[in-house]
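Got your viewer open? Let's take a walk through this one, one selection at a time.

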Amino acid sequence: MKVGITDVAARARVSEATVSRVINRRQGVSKKTRDAVEQAMAELGYERQTQGQLVAVITEFVSNPFFADVAERIESALAPHGLKTVLCPAFPGGVQERDFIAALVDKGVAAVVFLSASNTVEGAETETYELLRQRRVPYVGINGEFADGVPAPVFSTDDALAAEQAVDHLYRLGHRRIGMASGPAGNHPADRRVQGFLDAMSKRGIEDAKDWVIRQSYTVEGGQAAAGLLLGLGATAIVAASDYMALGAIRGIRRQGRSVPADVSVVGYDGSAITEFVDPPLTTVRQPADRLALEVGRSVLALVSNRDVPTGELLFDPELVIRSSSGPAPESPQDSPQDRARPGAADRGRRIAQNHT
């Protein structure tokens, strides 16, 4: 005989409406009652309409505190509703990502969250998303729309506004030789941060800012390498596309015998809690991890309950956090925007940068 919600309600000694709220992961049910209903369903062999209780969080940057923070906050948002997150470290769009998805779909997974994974990579294969659609597993993205216009909810920080905030802060401090250490080309957030940087510089009358952009990996080593090239161009300030790159830039600046911020100012991006405790404490543009995770949690709960969620990208405002790694531009005569670099320095920088990309 098929087990229904009436049987579950009787076993758990609650109303059918309460059982329905638990099944559909709605609010208004205490943890004690939810656990009792879950236990009754397990004892009676009740089969949920949704595919499971697991939510996969796919991300490459497990070691990055920002992504760990977002994943933890998603877990906190979903746990009260009977959903459990599984963190899957995988290269974006690679075999690992596809294998994780295939294995979890076979085991039964309620939803998938792409946390700066293949949704951030230009030209990423869409077969993973097709598999999820075929198996009717909903998915959402964080910090990057899906390839080829794949319709899904996406929640992102406004990268253009983040770049504007960083440039404006440094410009007000008197800096004109502002360089950018960004992630690799083809990474959507990196591309948008670069474009935001160029727009912010152009807005202030600096038209050759593209000569001051160095593409590297989102790592400490990448930030250090980028800083070396930017210092060769005469930069007095560096906007980094991640806090890790910013920390690498500080290391690179110090290894050239210069100090932060007396000689060179550095601004990071992400806003991980650890940046308050480094030396010097890092000025950074903080992503709203709490609001991103909350909206992701709400959307996942709606999707696994077969409720509609708007597709497309929803942008969240970042926040500039000013600390000790940024300060006034060094006291020296400022060149005009057209003469900021020594003759030929920009071209040399571009050639070196290409060799490091």
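Which residue forms a salt bridge with E164? Select R204 along with E164 and you have the pair, with the closest N and O atoms 2.6 Å apart. The contact links distant parts of the chain: E164 sits in helix α7 (residues 159–172), while R204 is in the loop between α8 (188–203) and β7 (213–215), 40 residues away. Both E164 and R204 are buried. Keep in mind as you click around that this is a predicted model.

Now widen the selection by adding D168, R172 and K203. Together with E164 and R204 they belong to one network, joined by salt bridges that share partners.

Stay with α7 and show the whole helix. Does its length come out as expected, or what does the ruler say? At 1.5 Å a residue, the 14 residues of α7 should span 20 Å, and its end C-alpha atoms are indeed 20 Å apart, so the two agree. Colour the helix by accessibility next: the buried residues are D159, A162, A163, E164, Q165, A166, V167, H169 and L170.

Then go to the two ends of α7. At the N-terminal end, select D158, which acts as the cap: one of its side-chain oxygens lies 3.2 Å from the backbone nitrogen of A160. Past the other end, pick G174, which follows α7 and has a positive phi, near 100 degrees.

Next stop, a salt bridge inside a helix. Select D69 and R73, whose side chains meet with an N to O distance of 3.0 Å. Both residues lie in helix α4 (residues 65–78), four residues apart, or about one turn of the helix. Why does that spacing suit a pair like this? An α-helix has 3.6 residues a turn, so residues three or four places apart point the same way. Buried or exposed? Neither, for this pair: D69 counts as partly exposed because its relative accessibility is 27%, and R73 is partly exposed too, at 35%.

For another salt bridge, select D279 and R254, where the N to O distance is 3.9 Å. This pair also links distant parts of the chain, with D279 in the loop between β9 (265–270) and β10 (283–286) and R254 in helix α10 (residues 243–255), 25 residues apart. D279 has 59% relative accessibility, so it counts as exposed, whereas R254, at 39%, counts as partly exposed. If you want to hunt for the others, the model's count comes to 16 salt bridges.

Time to leave the charges and look at a strand. Select β3 (residues 111–115): how many of its five residues are buried? Five of the five. Turn on the side chains and you'll see A111, V113 and L115 pointing one way from the strand, with V112 and F114 pointing the other way.

Now bring in the neighbours of β3. Strand β1 (residues 54–59) pairs with β3 in the parallel sense over four bridges, and V55 stands opposite A111. Strand β4 (residues 139–142) also runs parallel to β3, joined by four bridges. There, look for Y139, the bridge partner of V112.

Last selection: add helix α6 (residues 127–134) to β3 and β4. What kind of unit do these elements make? Follow the path from β3 through α6 to β4 and you have a right-handed β-α-β unit.

Definitions and conventions
Residues are numbered from 1 along each chain as its sequence is written. This is a predicted model: local features need pLDDT of at least 70, side-chain atom pairs count only at pLDDT 80 or more; totals for chains, interfaces and linings use all residues. Side-chain values use heavy atoms; hydrogens and water are left out. A salt bridge is a side-chain nitrogen of Lys or Arg within 4 Å of a carboxyl oxygen of Asp or Glu. Buried means under 20% relative accessible area, exposed over 50%, partly exposed in between (1.4 Å probe, protein chains only). The expected span of a helix is 1.5 Å times one less than its number of residues. A polar contact is a pair of N or O atoms within 3.5 Å; within protein, one must be able to donate a hydrogen and the other to accept it, and residues adjacent in sequence count only if both atoms are side-chain atoms. Two strands pair if DSSP finds at least two bridges between them. A crossover is right-handed if, with the strands pointing away from the viewer, the path from the first strand over the helix to the second runs clockwise.
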